[in-house]
Amino acid sequence: MNDIIKYIKKHGGYATMTELKEAGFQTRVIKKYVQDKILEKIKPGLYRLSEIDFYKNVNLSFMDACKSVPKGVICLGSAISYYNLSTYNPPEIQIAVLNSCKPVKINYPPIKFYFFRKSQYSLGIKIIKTKFGDIRIYDIEKTICDIFRFKNEYGDEIALETLRNYTKRKDADFYKLREYSKICRVYTIINPYLKGLIG
């Protein structure tokens, strides 16, 4: 047991079935470790250690999601929660993928997929480096634009709360927000609210 724990720790806390088998661990042993809750099965063929303390100072749900969906980007409600822009906290991890991608079956965490066109998918991706790998999340301005794009889903209250809290931040970049809003085709929606908040 110690050997498999050492191996996965050495490889950033995650390992695929292929990697484990190539390292000499048998399938039946891996399955037993999952049953004994030593390993967590994130999706078919992908595992991580169950030892939570090993993952201190990292958002484990975000990390699991990004490992499971290598080209996915944390977006919308998950992103506004990360940036403390709203009291809203979604019951699942919300991830953007290209509209040409097929959703992946994931055991945990629960994930909701959003399918973006290339111009809106590739805009504003921020990479958070961790010792376990990269977390991809939209930057704060892109997140606000997306919330307004999906205002029918989130409602006026959350969209306006998000924008209002953004305007109070010292790092707010209103020029960048307006440029992003043009690309995301929400400029005519966001700009009047923005003018009302900042004059």
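## Thr 143, tucked inside α7

Let's start with Thr 143, which sits in helix α7 of this predicted model. With a relative accessible area of 1%, Thr 143 is buried, because anything under 20% counts that way. Its side chain reaches the backbone oxygen of Tyr 138 at 3.4 Å.

What does Thr 143 touch, leaving aside its neighbours within four places in sequence? The contacts are Leu 76, Ala 79, Ile 80, Tyr 83 and Tyr 138. One of these, Leu 76, comes up again further down.

## The helix around it

Thr 143 has plenty of buried company in α7. The helix covers residues 140–149, and 9 of its 10 residues are buried, so the rest of the structure largely encloses it. Besides Thr 143, the buried set holds Ile 140, Glu 141, Lys 142, Ile 144, Cys 145, Asp 146, Ile 147 and Phe 148. Notice that Glu 141, Lys 142 and Asp 146 are on that list, even though residues of these types count as charged.

## α7 meets α9

How is α7 oriented relative to α9? The axis of α7 comes within 9 Å of the axis of α9 (residues 156–167), and the two cross at roughly 155°. That makes the pair roughly antiparallel, because angles over 145 degrees fall in that class. The crossing itself is left-handed.

On the α7 side, the contact is made by Ile 140, Glu 141, Ile 144, Ile 147 and Phe 148. Facing them from α9 are Ala 159, Leu 160, Thr 162, Leu 163 and Tyr 166. Sorted by type, the residues of this contact come to 8 nonpolar, 1 polar and 1 charged. As for the spacing along a helix, there are 3.6 residues a turn, so residues three or four places apart point the same way.

## α7 meets α11

There's a second helix to look at: α11, made of residues 187–198. Here the axes are 10 Å apart and the packing angle is about 115°, so α7 and α11 are roughly perpendicular to each other. This time α7 passes in a right-handed crossing.

Which residues make this contact? From α7 come Ile 144, Cys 145 and Phe 148, while α11 brings Ile 189, Ile 190 and Tyr 193. The mix is simple: 6 nonpolar, no polar and no charged. Ile 144 and Phe 148 also appear in the contact with α9.

## Two positive phi values

Back to Leu 76, one of the contacts of Thr 143. Leu 76 is found in helix α5, which covers residues 76–82, and at 0% relative accessibility it counts as buried. Its phi is near 45°, a positive value in a residue other than glycine.

Asn 84 also has a positive phi, near 55°. Is Asn 84 buried or exposed? It is exposed, with a relative accessible area of 64%, and it lies in the loop between α5 and β5 (93–98).

## A loop residue elsewhere

Gln 26 has its place in the loop between α2 (17–22) and α3 (27–35). At 42% relative accessible area, Gln 26 is partly exposed. Its side chain makes a polar contact with the side chain of Arg 28 at 2.9 Å.

## The whole chain

Stepping back, the protein chain has 11 helices and 8 strands. Its C-alpha trace spans about 65 × 35 × 25 Å along the principal axes. Of its 199 residues, 49% count as buried.

Among contacts between residues at least 6 apart in sequence, 56% join residues at least 24 apart.

Technical notes
Residues numbered from 1 in each chain as written. Predicted model: local features only at pLDDT ≥ 70, side-chain atom pairs only at ≥ 80, totals over all residues. Heavy atoms only, no water. Axes fitted to C-alpha atoms, helices over the stretch in contact; angles between N-to-C directions. Helix = DSSP H or I, 4+ residues; strand = E, 2+ residues; numbered from the N terminus. Parallel < 35°, antiparallel > 145°, perpendicular 65-115°, else oblique. Left-handed = near helix turned anticlockwise from the far one by under 90°. Contact = heavy atoms within 4.5 Å. Buried < 20%, exposed > 50% of the residue type's maximum accessible area, 1.4 Å probe, protein only. Polar contact = N/O pair within 3.5 Å; in protein donor to acceptor, adjacent residues only side chain to side chain.
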